[in-house]
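Open your viewer and get ready to click through a few selections. Each stop says what to pick and what you will find there.

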Amino acid sequence: MSLKETILEDIKNAMREKNKEKLATLRLISAEIKQVEVDQRIEMDDAAVTAVLVKMVKQRKESIEQFLKAERTDLVAQEEAELTVIMPYLPEQMKPEDIEAAISQAIESTGAVAMKDMGKVMAVLKPQLEGKADMGEVSKLLKAALNK
């Protein structure tokens, strides 16, 4: 069963369980997937659905940060609830040491020695780590590794 089919099945289950919060978030996910499919005129595979979910998680985390600054705990709670529904659909997140090992391996395989080589290394890392790690964090770790 594809990720998209799993989400649609979970929408049906949430309706049966009358779980309004989970249902609302699952419908948001479904709407986002359909919007991308319509805009790009494609049928999304699991990798594309994962990319949409990663984007949604990033948006929620940024919103939480902003709401905390504004002391809007009600909105923080809502965003965190949505995150708890979205996260199980993403692949298991990599540990920091695994990310660092992948970065070291990518640097070695591309022969990168300076910041100018960062694009080459990220091109190798992105397919490996997309959805499994926060790419912003990967970028920071890569910069640190190339600046040594």
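The tour below follows one helix through a predicted model.

**Stop 1: the helix.** Select residues 46-69, which form helix α3. These 24 residues reach 35 Å from the first C-alpha to the last, close to the 34 Å expected at 1.5 Å a residue. Now step just past the end of α3 to E71, where phi is positive at about 60°.

**Stop 2: its buried side.** Which residues of α3 are buried? Highlight V49, T50, V52, L53, M56, V57, R60 and I64. To see what they pack against, show α1 (3-17), α2 (20-40) and α4 (73-86).

**Stop 3: the core.** Next, colour I7, L26, I29, I33, V49 and L53, which touch the most other members of the largest nonpolar core, a set of 22 residues. Two or more residues of this core come from each of α1, α2, α3 and α4, and α3 gives the most, with six. Centre on I29: leaving aside neighbours within four places in sequence, I29 is in contact with I7, L53, M56 and I86. A second, separate core has 16 residues, including A102, M118, M122 and L129.

**Stop 4: the pocket.** Finally, select V54, K58, A133, D134 and M135, the residues nearest the centre of the largest pocket among the 16 that line it. Both α3 and α7 (135-146) give two or more residues to this lining, with α3 giving the most, at six. The pocket has a volume of about 360 Å³. Colour its lining by class and you will find seven nonpolar, three polar and six charged residues.

Note on methods:
Residues are numbered from 1 along each chain as its sequence is written. This is a predicted model: local features need pLDDT of at least 70, side-chain atom pairs count only at pLDDT 80 or more; totals for chains, interfaces and linings use all residues. Side-chain values use heavy atoms; hydrogens and water are left out. Helices (H or I, at least four residues) and strands (E, at least two) are DSSP runs, numbered from the N terminus. The expected span of a helix is 1.5 Å times one less than its number of residues. Buried means under 20% relative accessible area, exposed over 50%, partly exposed in between (1.4 Å probe, protein chains only). Contact means heavy atoms within 4.5 Å. On a 1 Å grid over the protein atoms alone, a cavity is a set of points where a 1.4 Å probe fits but cannot get out, and a pocket is an open set with protein on both sides within 12 Å along at least five of seven lines; lining residues have an atom within 4 Å of a point. Grid points are joined across faces, edges and corners, and a volume is the space filled by probe spheres set on the points. Ala, Val, Leu, Ile, Met, Phe, Trp, Tyr, Cys and Pro count as nonpolar, Asp, Glu, Lys and Arg as charged, and the others, Gly among them, as polar. A nonpolar core is a set of buried Ala, Val, Leu, Ile, Met, Phe, Trp, Tyr and Cys residues joined through side-chain atoms within 4.5 Å.
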